Amino acid sequence: MAFLDIPNIRVSGLAVTVPKLVKEIKDLPFFKEGEAQKVIGLTGIERTRYVPEGMTCSDLCYEAAEQLIRKLGWNKEEIGCLIYVSLSRDYVTPPTSILLQERLGLSKTCLCLDIPLACAGYVYALATASTFMSMGKINKGLILVGETTSVQISPLDKGLWPLQGDNGSATALEYDENAPHIYFNSGVDGSHGEAIIMPVGGTRRPFKEGDLEMKEMKEGSYRRNVDAIMDGMSVFSFAISEPPKTIKAMCERYGLEIEDIDYLLLHQANKYIDDKICKKLKVPKEKVPYCLKDYGNTSSGSIPLSMIVKLHDILPNQKAKVIMSGFGSGLAWGAAYLELDHIVCLPLIEIG
């Protein structure tokens, strides 16, 4: 496992953007009688958000970043680090982080990096940006994290498309020699890389004629070769196993007590998985904020989204000790411990 101990970095603010379009699971036309209610009962998801045609994850992140920078009163010339974490990149090349540097009007000396990681992305983004900023004494940085999964999954895939939600976020970080240390622990297992995969479109399997043809994969569920697929049982087994072990190892390494935290912020794929994790860690439900019911599985954006939706009135007014845990595609997972101190939280931003 990869442990990190990062000094001198604090979280200053957070903003999250979602599209206005709402997808109600109970109204999806491909479900037979009783199927929608079964999905809702198993996952805890009743509705999600999805982008209109032409809107990208970078659009959502840009709006979050602009409003957060304005609220904080930052000078854009002082922002020296921008990390964009998403599978929903505008192009194969150039990197989306570089396009956002120009669009946001940041300095040409700003360190920019794309990380194509999904559900564990927020924790990895925080670790990457904090390391760069701490080592380089970079005054201000942004991590832009989100996903527009609705355009990467077949709209006729009954198992996946109803559950995925689109979003974008911006988190502001500052160099502060008095900031408490941030602790990380992470891991990966590439032997199960095909558990969540988009098999077509890379250099291993380039796009070919016919890959856009819809095919019935199982009764009533259709997808194209270019669409993402998931082995649900493999992901479930991993998700209830590795995250709690990683959190416990991090706490043991850095002398932390889980019962002392104020909030456990989990990636939210479905409530059943998160309930299993909480049970293993013995964390009471009131310490675990959920936004799953109304926004679905928002991939790397689920942690900042739950903070804004459920803790918007709390985090700006007090200190909070939190553990974050992201896990998914890769397979990759990570945990972070940090102490938040009266951070700026913008109201949820809706666009489109």
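Reader: What makes up the area that the protein exposes?
Author: About 15,600 Å² is exposed, and carbon and sulfur atoms supply 51% of it; the area is a Shrake-Rupley value with a 1.4 Å probe. This is a predicted model, where local features need pLDDT of at least 70, side-chain atom pairs count only at pLDDT 80 or more, and totals for chains, interfaces and linings use all residues. Residues are numbered from 1 along each chain as its sequence is written, and side-chain values use heavy atoms, with hydrogens and water left out.

Reader: Why is the protein called a compact globule?
Author: The globule rule is 2.2 Å times the number of residues to the power 0.38, with the radius of gyration taken over C-alpha atoms. For 352 residues that gives a radius near 20 Å, and the protein has 19 Å, so the two agree.

Reader: What makes strand β7 mostly covered?
Author: Buried means under 20% relative accessible area (1.4 Å probe, protein chains only). Eight of the eight residues in β7, residues 140–147, are buried. Lys140, Leu142, Leu144 and Gly146 point one way, Gly141, Ile143, Val145 and Glu147 the other. That fits the usual pattern, since side chains in a regular strand alternate between the two faces of the sheet.

Reader: How do you know that β7 pairs with β8, and in which sense?
Author: Pairing takes at least two bridges found by DSSP. β7 and β8 (residues 167–175) have eight, and they run antiparallel; Lys140 stands opposite Glu174 in β8.

Reader: And what about β5, how many bridges there?
Author: Six, in the parallel sense, between β7 and β5 (residues 79–85). Tyr84 has Leu144 of β7 as its bridge partner.

Definitions and conventions. Buried < 20%, exposed > 50% of the residue type's maximum accessible area, 1.4 Å probe, protein only. Helix = DSSP H or I, 4+ residues; strand = E, 2+ residues; numbered from the N terminus.
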